[in-house]
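This report describes a protein chain as a whole and then turns to a single residue within it. Please keep the sequence and the structure in view while reading.

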Amino acid sequence: MIKKEMIAMLLAGGQGSRLGVLTSRLAKPAVAFGGKYKIIDFPLSNCINSGIDTVGVLTQYRPLRLNQHIGIGIPWDLDRNIGGVTVLPPYEKSENTDWYTGTANAIYQNLEFMEYYHPKYVAILGGDHIYKMDYELMLDFHKKNNAKITLATYEVPWDEASRFGLVITDENNQVQEFEEKPPVPRSNKASMGIYIFDYDILKDALIALKDQPGCDFGMHIIPYCHQRGDKIMAYNYQGYWKDVGTLSSYWEANMELIDIIPEFNLYEEFWRIYTKSDVLHPQYFSANSKVSGCIVSEGAEVYGEIYNSVIGADVTVEEGAVVRNSIVMQGSTVKAGAKVEKSIIAENVEIGENTELGLFEEAPNKYNEKVYAGGLVTVGEGSVIPANVKIGKNVAIVGITTADDYPDGILASGESIIRQ
């Protein structure tokens, strides 16, 4: 009989709607981060660095690119005969066939996968956070405290606490109460959405709440277990953790990588971040190029100027072009004379000659004010922006556009062009 001490279930099926046009064609965990990586690389790398060699990855929304990236898990040393990485999409059953309708419902629908390994413990992880965590230390804490459930918490600034699900603990870090985005917080310990369960406790709770619509860990499973008296502990995580669920937080997390002494270090040998890497030619910088404070990935060609930016693989910045405070993802081209300021440019985008992004005074975005904010210009995958146009702030563009789409050669701040 196969028996693993702990396996991980990695929830990677979310659309990530708050990332707007960046996730119009792919799931949030497949979005690029830090030039060469994908967001899902971080929890996968945490697993193998923590000694977890069996990971189920639950996918749903636009899974193709995510599946292609994960493959059989070779980059993370998860290509195992027993265990390894397994992609778990929803599947048709003889009865009660359904999409994953909540985080816990997704795990419930994969009880058969977990049963195969007879684990003593199960780690439930999100696929959309940037962090390094040793789950083995969290498991040691779980065992030491004879917990049935341990949830990871992160102390957020008090003025931001009302945005999070919070836990109230006693002096021993045992959870006493929960608060979901309270207007007046009594705690600043935010749940990170990372849990370790005794498997028998998890299984019983999933079966008990299997008919709960949209069954969710934070909303249903954890409160249910607390109410029936299961011991729940809070593991206070002290390292870097970033929820890159909004365009502003995603941009900020990328920009933090460029600091002289970055708070989140991609270059540590003892805790490496692994990814699927294509075999590409080296970067090329022309004699006239200028580069300052940038991350530049393999295959990039820079003939113009780049400052304080994250440049993906196979990106071309042509002569006379200037990129500042921006993220330019794989395969995109910034044509000659173009000026890009505080922008997020997705994969395989073309920015036309002498076009300027990030101009004018800020204005609220008319299409979706909550998503397209922070003064950013966001350009979706495969988009084309023509030459000689001027584009404002809090703007979203996706699709192949022409000069006719820009009256008087301008797209004002707060405007959008959305073509799916």
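## Overall architecture

In this predicted model, the protein chain contains 8 helices and 33 strands. Along the principal axes, its C-alpha atoms occupy a box of roughly 65 × 50 × 50 Å. The radius of gyration is 23 Å, and a compact globule of 420 residues would have a value near 22 Å, so the chain agrees with that expectation.

How are the contacts distributed along the sequence? Among contacts with a separation of 6 or more, 58% join residues that are 24 or more positions apart.

The table collects general values for the protein chain.

| Property of the protein chain | Value |
|---|---|
| Share of the 420 residues that count as buried | 54% |
| Accessible surface | about 18500 Å² |
| Share of that surface belonging to carbon and sulfur atoms | 48% |
| Positive side chains | 37 side chains |
| Negative side chains | 55 side chains |
| Separation of the centres of the two charge sets | 2 Å |

## Thr153

Strand β8, which covers residues 149-155, includes Thr153. Is Thr153 buried or exposed? Its relative accessibility is 1%, and the cut-off for a buried residue is under 20%; therefore Thr153 counts as buried.

Which residues does Thr153 touch, apart from neighbours within four places in sequence? Thr153 is in contact with Val167, and also with Lys189, Ala190 and Met192. Its other contacts are with Ala234, Tyr235, Asn236 and Tyr237.

Terms used
Residues numbered from 1 in each chain as written. Predicted model: local features only at pLDDT ≥ 70, side-chain atom pairs only at ≥ 80, totals over all residues. Heavy atoms only, no water. Helix = DSSP H or I, 4+ residues; strand = E, 2+ residues; numbered from the N terminus. Buried < 20%, exposed > 50% of the residue type's maximum accessible area, 1.4 Å probe, protein only. Contact = heavy atoms within 4.5 Å. Rg over C-alpha atoms; globule rule 2.2 N^0.38 Å. Areas by Shrake-Rupley, 256 points an atom, 1.4 Å probe, with all protein chains shown as cover. Lys, Arg positive; Asp, Glu negative; His and termini not counted. Charge placed at Lys NZ, Arg CZ, Asp CG, Glu CD.
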